[in-house]
Amino acid sequence: MSHVIVVIPSLNAAPSLPDTFASLEPAIACGLISRWVLADGGSGDATVKLARARGFDVVKSLPGRGVQLAAGAARAMESAGEGGWLLFLHADTRLEPGWAKSVKAFMAAHAGGDVAGYFQFALDDDSAPARRLERFVAWRCAAFGLPYGDQGLLIPAQLYERLGGYKLMRLFEDVELVRRIGKRRLKPLPARAITSAERFRSEGYLRRSAANLVLLARYFLGADPQKLARAYGRRKA
């Protein structure tokens, strides 16, 4: 029987986790989610305490989203079994009401297939710049098959395993994996993943978007992801 195991990487994510958890709980009640795993990179706040209180299986990991996702997936694969799916979700992303119905339909339509799904990108901001960014992301996904990790990734456990899973990268681990999945095998889900817009508001939509595109271009041109991660980290400091 098809079921979903959720994997969330975290690092000092206590402020956003309650909303993320709340968006997942209806899918637990209906039996869609069989297990959830939090891969923590060394949080110093209440992240781990919150996760354990909600019944998460907590995996301790070195920091770095790719490292954490790989560690969380390894734990999830222990109980994925035949017909299991993995749902990777960022700690500051919540799925809109009704998402579980869309996921059930997607899994039924692609049972046994080599297909992965991603959610529609949305921000918790009603401003015009936020809407423009959402439209750009929708175009990027349609044109290039390039959803980012903040859109979630729903993938059959067996396909994830065959592809070799997430690489131990601190940045662009999401891009690296979806490129291996390939545009033909990536399908949009008719539900939104709503992500915090705080970093866009604090840095400025145009400035942050342009900086992200520069980093992505450097990655495609062969730059070392570790160096790009350090550059990304300096922007957050």
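**Reading the labels in this model**

Q: Where is the place of F172 in the chain?
A: F172 is placed in the loop between α6 (157–163) and α7 (173–181), where helices (H or I, at least four residues) and strands (E, at least two) are DSSP runs numbered from the N terminus. This is a predicted model, in which local features need pLDDT of at least 70 and side-chain atom pairs count only at pLDDT 80 or more, while totals for chains, interfaces and linings use all residues. Residues are numbered from 1 along each chain as its sequence is written, and side-chain values use heavy atoms, with hydrogens and water left out.

Q: Why is F172 called buried or exposed?
A: Buried means under 20% relative accessible area, exposed over 50%, and partly exposed in between (1.4 Å probe, protein chains only). The relative accessible area of F172 is 9%, and therefore F172 counts as buried. F172 also has a positive phi of about 65° although it is not a glycine.

Q: What is the phi of N12, and how accessible is N12?
A: N12 is not a glycine, yet it has a positive phi of about 50°. N12 sits in the loop between β1 (3–10) and α1 (17–29), and because its relative accessibility is 43%, N12 counts as partly exposed.

Q: How do you know whether C30 and C141 are buried or exposed?
A: C30 has a relative accessibility of 40% and therefore counts as partly exposed, whereas C141, at 5%, counts as buried.

Q: How many disulfides does a search of the whole structure find?
A: The search finds 0 disulfides, a disulfide being a pair of cysteine sulfur atoms within 2.5 Å.

Q: What makes the contact of D57 and R35 a salt bridge?
A: A salt bridge is a side-chain nitrogen of Lys or Arg within 4 Å of a carboxyl oxygen of Asp or Glu. The side chains of D57 and R35 meet at 2.6 Å, N to O, and the pair therefore satisfies the rule. This pair links distant parts of the chain, with D57 in strand β3 (residues 57–60) and R35 in strand β2 (residues 33–40), 22 residues apart. At a relative accessible area of 22%, R35 is partly exposed.

Q: How many salt bridges does this rule give?
A: The count by this rule comes to 13 salt bridges.

Q: Why do E96 and R192 tie together parts that are apart in sequence?
A: E96 forms a salt bridge with R192, with the closest N and O atoms 2.9 Å apart. E96 lies in the loop between β5 (93–95) and α4 (99–109) and R192 in strand β8 (residues 186–195), so the pair ties together parts that are 96 residues apart in sequence. E96, with a relative accessible area of 18%, is buried, while R192, with 37%, is partly exposed.

Q: What separates R180 and E176 in helix α7?
A: R180 and E176 are 4 residues apart in helix α7, and therefore about one helical turn separates them. Their side chains meet in a salt bridge of 2.6 Å, N to O. R180 counts as partly exposed at 23% relative accessibility, and E176 counts as buried at 16%.

Q: Which residues gather in a patch of positive charge on the surface?
A: The patch consists of R170, R218, K227 and R230, and K227 is found in helix α10 (residues 225–236). A patch of this kind joins like charges within 9 Å, using residues with over 30% relative accessible area and no salt bridge.

Terms used: Patch = residues over 30% accessible without salt bridge, like charges linked within 9 Å, V, L, I, M, F, W, Y side chains within 5 Å. Areas by Shrake-Rupley, 256 points an atom, 1.4 Å probe, with all protein chains shown as cover. Lys, Arg positive; Asp, Glu negative; His and termini not counted. Charge placed at Lys NZ, Arg CZ, Asp CG, Glu CD.
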